[in-house]
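Please look through the structure shown below together with its sequence. The report that follows takes up the chain as a whole, then some of its parts one after another.

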Amino acid sequence: MAPSATGVVKRHRPHEKFDKKRDSKKHKHVQKALVSNPSIENPDSPEEDSIETESEAMVYREPTQYQNLLASLGSSNKVVADMNKRRQRQEEGKSDTEEDEDDEDEDEEENSGSEDLSSIDGEDDMIQGEDQETLGGLTEDTQENNDNQSEEEDPDDYETDEDHELSTNGQSYASSSISAFSEHLNHKLSSEEVETLPKGKWKFKWESPAFDMPNCRWKGTRENFLDGIQSDATYGLKPKLYNHWLQLYKKSGGKEFDSSKRRKFFSICNSYLDILHSNKKPFYSSGSDEDSSAMDAYLMHSLNHIFKTRDLVKKNESKIAKHRETSEEEILSDDGFLDQGFTRPKVLILLPLRSIAFRVVKRLIHLTPESQRVNVEHLDRFNDEFGCEEGTDDGDGEKNTSKNGNAITQKSSKPSDWQALFGASNNDDEFMLGIKHTRKSIRLYGDFYSSDIIIASPLKLHMAIGQAEENKERDVDYLSSIEVLVIDHADIISMQNWSFLATVVDYLNRLPSKQHGTNVMRIRPLYLDGHARFYRQSIILSSYLTPEMNSLFNRQCLNYKGKMKLACEYKGVLEKVLLPVRQIYERFDADSITHVDDARLEYFTKKIFPKIRDSVQGGVLIFIHSYFEFVRLRNFLNTQNTSFCLLGDYAKNADISRARERFFVGSRKIMLYTERAYFYKRYKIRGIKNLIFYSLPERKEFYPEIMNMLEEGSHEMMSTALFSRFDMLQLERIVGSASAKRMITSEKNMFAFC
């Protein structure tokens, strides 16, 4: 039921102190608009006569998502409508006098008998007292969405950048480092940045040696800050996090935390640049603690980010509660209260296997200060679902359980890295977990919309996206406000299905399909304007680099802060080939990367296959990197009526056993073996006399392992590898960077290694 005209009260007049504050803010908004206007960036421009002239120029601009949303909400809420008008006046640079005149005109229209100014529900604008109730309700709703569902928090626990301005030796960098969080999110994108960032064109301007990696160097698109990252007392960490991390480091026997790898990599993460670390030493190759430095760094960065987000929201909640006598309109007109996204989750960590997720979550809990993890909810359930089941082992041996329950250890023929990844039972790739941090507890298996961190596999999120596309009742809006994306063990993900990962990243930071309880008056403009992807930090970690990783990093990681990535030199792995095999490398030409697959197949069919067809010798193993190449080569061999067998990605165990036996006894002349099949199965093939690398493996250690499968003692054994200039990344990891550069640029197209 709509209220009567006499029940509508004129818009509340602001207090004098808010008038002064508003005047100051308007002046600042005008100055910012002038600075960001491309037409006046050049002070020598003849078109600019004065600031006043420019500020009065009327230029039509396309309404932003933010403006459209406020306008639509304004039709049903007077407070939102007034807020929208005020923002428009600030952009136009109008004075308070002009605003007051417009207000009087609007008030006259209100008093003329219009009864449509109330909200659709007829409850929001009846009297001023109800505005005060709306403010109280706003505070309660926001608390429910952000942290206060089950616990009361002490305002003294809030720690913001302003509360902890630390410095060392009077240097100003300490303040800059501590405020990296707010500095990053408070940045206003210029029109030039909005236009150029989606193009994904980056120019790396500097190089610097990488710590503890003598064969690598960091490259960056912005200024080199690596020399100044030690000038901050806590390196940008909240003091509680810093002290706890330092204690853990010392208890583990670490020394000189300031110069440690984990601390230095955290400082790189805290720069909020996009990061591509492609030389991470994985735990499954060199011991269980080998990658703890990088993992510790990005986990501490994630905790630091969500705790600072919570502190900012809680501090603003406290301010709102102290000004209940002031109208909601006046309080929320302050840009300092724009502190939220569409949904709560701010950190997304993508991992390939459940066993790796188990390690990451356990470490995340351990890195949380004890006072903030007094209770870890659903920990037993997590251990049951993500931990190793009884009767399995992740070491070098396989552990089975006898009838009386005793564990029987059997020696496995699988290499140690396979045992670490797949030897246990928790090695599936379909999982997703929400983690919520409150003041004194950690809640595992939280609702995704009330979680701070989401840890998931690309497969599980890809399935959720597919379900949301098919069923409109479902959605993945919890991905809309991700501010820190971590993709760990990207090399393993590349052995799964990289397109799943690309799809997930593409779905990040989209406008949500539904409202999820967040107050629109508190949402940062960067979200409403559709610019959240330009603020998202992406951290990709891998033990090697692939073209797909490069493409994702360059085209889908568009952080306005810029990029950092590793560039490494390799010695190669040819010395690990134990057999005296003459290794021939043949280069084929391809005009572009889009034509390289066709050029490779054409070269094989014309140069390599005729030799195999005309030879009576069997035992030809063709090693293939991708499943796409495998299918094309299989189809070609079918057209040639060739005797061959398959060991592909989706082959069943019975078919694999049959193919291995037929190849060994010689009833099948050729075997096709994919890198992914070898990664997951690690079957040793007997009877290989002629080895052909149709495409080089991504994992450099696979090359000598496959080469050493050649039948020792056979005078006919030989090896041939095909490559093009687009295979530089794989080639340099195998033959070494120096040799690879020579092979790519040489006029010759055939090379031999003995």
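Two strands are said to pair if DSSP finds at least two bridges between them. Helices (H or I, at least four residues) and strands (E, at least two) are themselves DSSP runs, numbered from the N terminus. This is a predicted model, in which local features need pLDDT of at least 70 and side-chain atom pairs count only at pLDDT 80 or more, while totals for chains, interfaces and linings use all residues. Residues are numbered from 1 along each chain as its sequence is written, and side-chain values use heavy atoms, with hydrogens and water left out.

**The chain as a whole**

The protein chain has 29 helices and 20 strands. Of its 754 residues, 53% count as buried, where buried means under 20% relative accessible area, exposed means over 50%, and partly exposed lies in between, with a 1.4 Å probe and protein chains only. Contact means heavy atoms within 4.5 Å; among contacts between residues at least 6 apart in sequence, 77% join residues at least 24 apart.

**Parallel strands**

Strand β15 (residues 620-624) is joined to strand β17 (residues 670-674) by five bridges, and the two run parallel. On another side of the pairing list, β15 and β18 also run parallel, joined by four bridges. Strand β18 (residues 690-693) in turn pairs in the parallel sense with strand β19 (residues 718-723), again over four bridges. The table gives residues that stand opposite each other in these pairs.

| Residue | Partner residue | Strand of the partner |
|---|---|---|
| Ile 622 | Leu 672 | β17 |
| Ile 622 | Ile 692 | β18 |
| Leu 621 | Leu 691 | β18 |
| Leu 691 | Ser 719 | β19 |

In a regular strand the side chains alternate between the two faces of the sheet. In β15, Val 620, Ile 622 and Ile 624 point one way and Leu 621 and Phe 623 the other way, and all are buried. Because five of the five residues of β15 are buried, this strand is largely enclosed by the rest of the structure. In β18, Asn 690 and Ile 692 point one way, Leu 691 and Phe 693 point the other way, and all of these are buried too.

The loop between α26 (675-681) and β18 holds Arg 686. Leaving aside its neighbours within four places in sequence, Arg 686 is in contact with Glu 661, Phe 663 and Phe 664. The C-alpha atoms of Arg 686 and Leu 710 are separated by 7.7 Å, although these residues are 24 residues apart along the chain.

**Helix α10**

How far apart are the end C-alpha atoms of helix α10? The expected span of a helix is 1.5 Å times one less than its number of residues, so the 13 residues of α10 (residues 239-251) should span 18 Å, and the end C-alpha atoms are 18 Å apart, which agrees. Within α10, Leu 241, Tyr 242, His 244, Trp 245, Leu 246, Leu 248 and Tyr 249 are buried. The buried residues of α10 pack against α11 (261-269), α13 (292-322) and α15 (354-367). After α10 comes Gly 253, whose phi is positive, near 95°.

**Cysteines**

A disulfide is counted here as a pair of cysteine sulfur atoms within 2.5 Å, and a search of the whole structure finds one. It joins Cys 216 to Cys 568, with 2.2 Å from S to S. The pair links distant parts of the chain, since Cys 216 lies in strand β2 (residues 216-220) and Cys 568 in strand β13 (residues 563-568), 352 residues apart. The link of Cys 216 and Cys 568 is right-handed, with 105° about the S-S bond, and both residues are buried. Cys 269 is buried as well, with a relative accessible area of 0%, and Cys 645 is buried with a relative accessible area of 6%.
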